[in-house]
Amino acid sequence: MVEKVYVTYNEVHKLCQASAEQILNEFKPNLMIAIGGGGYVPARILRSFLKRPAAPNIPIQAIGLSLYEQLPSTKPSDPVETPGTKVTRTQWLDLSSLEMTNLVGKNILIVDEVDDTRTTLEYAVRELQKDVETAAQKLGSKGKTQFSIFVLHVSSIPGYKGITENPSLHLSHVLAFSDASLI
């Protein structure tokens with residue numbers, strides 16, 4: 001079983017602040033998509049540090065993906081969660097009301113707190129790429145949408161393959177800035 005390490009809000013705040021300049025220099029996002037629930041807080045903090053004078057705030061959209069399953073525990077007050085095998089969409093972009101031009105031809109930063117199996121991030125990128133491709137075809141647009149990922153922690157799992165090792169995902173950058181497991 002993996003030991004849980006708790007970090008403070010202040011530590012998350014400092015990680016986001018330390019990362020902002022690199023993100024602005026290397027990627028320049030036009031839109032952030034937070035994977036809920038862990039990606040909401042880092043996305044909101046990061047947006048504050050990515051804000052430039054006389055420029056609008058970077059919009060944040062939210063998607064919900066679930067991979068974890070709760071397992072029986074010997075202590076009812078301390079349920080054990082373990083990664084599942086299937087990603088479940090609990091919330092997705094409302095493509096009928098969201099102007100798809102907001103996604104096509106943009107630099108989209110996907111934000112989550114932890115990347116421990118690669119499964120949810122790969123799912124998010126793959127599905128968002130499909131949505132953008134469909135929208136680009138409908139709009140007749142040839143603008144290239146770039147995706148990048150910001151996570152606070154990448155787990156070191158035996159046999160772990162980095163998301164950038166999957167060439168079908170066409171990611172420009174992967175940014176990870178912590179070595180503590182986040183809860």
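Start by selecting Arg89 and Glu127: in this predicted model, their side chains form a salt bridge, 2.9 Å from N to O. Zoom out a little and you'll see that the pair ties together distant parts of the chain, with Arg89 in strand β3 (residues 80-91) and Glu127 in helix α3, 38 residues apart. Switch on a surface and compare the partners: Arg89 is partly exposed at 37% relative accessibility, while Glu127 is buried at 14%.

Keep Glu127 selected and add Lys130. These two side chains also make a salt bridge, at 3.1 Å (N to O), and both sit in α3, 3 residues apart, about one turn of the helix. Lys130 is partly exposed, with a relative accessible area of 45%. Show the three residues together and you have a salt-bridge network of Arg89, Glu127 and Lys130.

Stay on α3 and pick Glu122 and Arg126, which lie 4 residues apart, again about one turn. Their salt bridge spans 3.7 Å, N to O. Glu122 counts as buried because its relative accessibility, 19%, is under the 20% cut-off; Arg126, at 33%, is partly exposed. A search of the whole structure turns up 3 salt bridges.

Now for the inside. Select Ile33, Ile63 and Ile110, the residues touching the most other members of the largest nonpolar core, which has 23 residues. Colour β1 (31-36), β2 (60-71), β4 (107-115), α3 (119-139) and β5 (146-154): each gives this core at least two residues. The largest share, 7 residues, comes from α3.

Centre on Ile110 and show its contacts, including Ile33, Leu121, Val125, Leu128 and Phe147.

Last stop: a separate core of 18 residues, among them Leu15, Leu24, Phe27 and Leu50.

Notes. Residues numbered from 1 in each chain as written. Predicted model: local features only at pLDDT ≥ 70, side-chain atom pairs only at ≥ 80, totals over all residues. Heavy atoms only, no water. Core = buried A, V, L, I, M, F, W, Y, C linked by side-chain atoms within 4.5 Å. Buried < 20%, exposed > 50% of the residue type's maximum accessible area, 1.4 Å probe, protein only. Contact = heavy atoms within 4.5 Å. Salt bridge = Lys/Arg side-chain N within 4 Å of Asp/Glu carboxyl O. Lists of a residue's contacts leave out its neighbours within four places in sequence.
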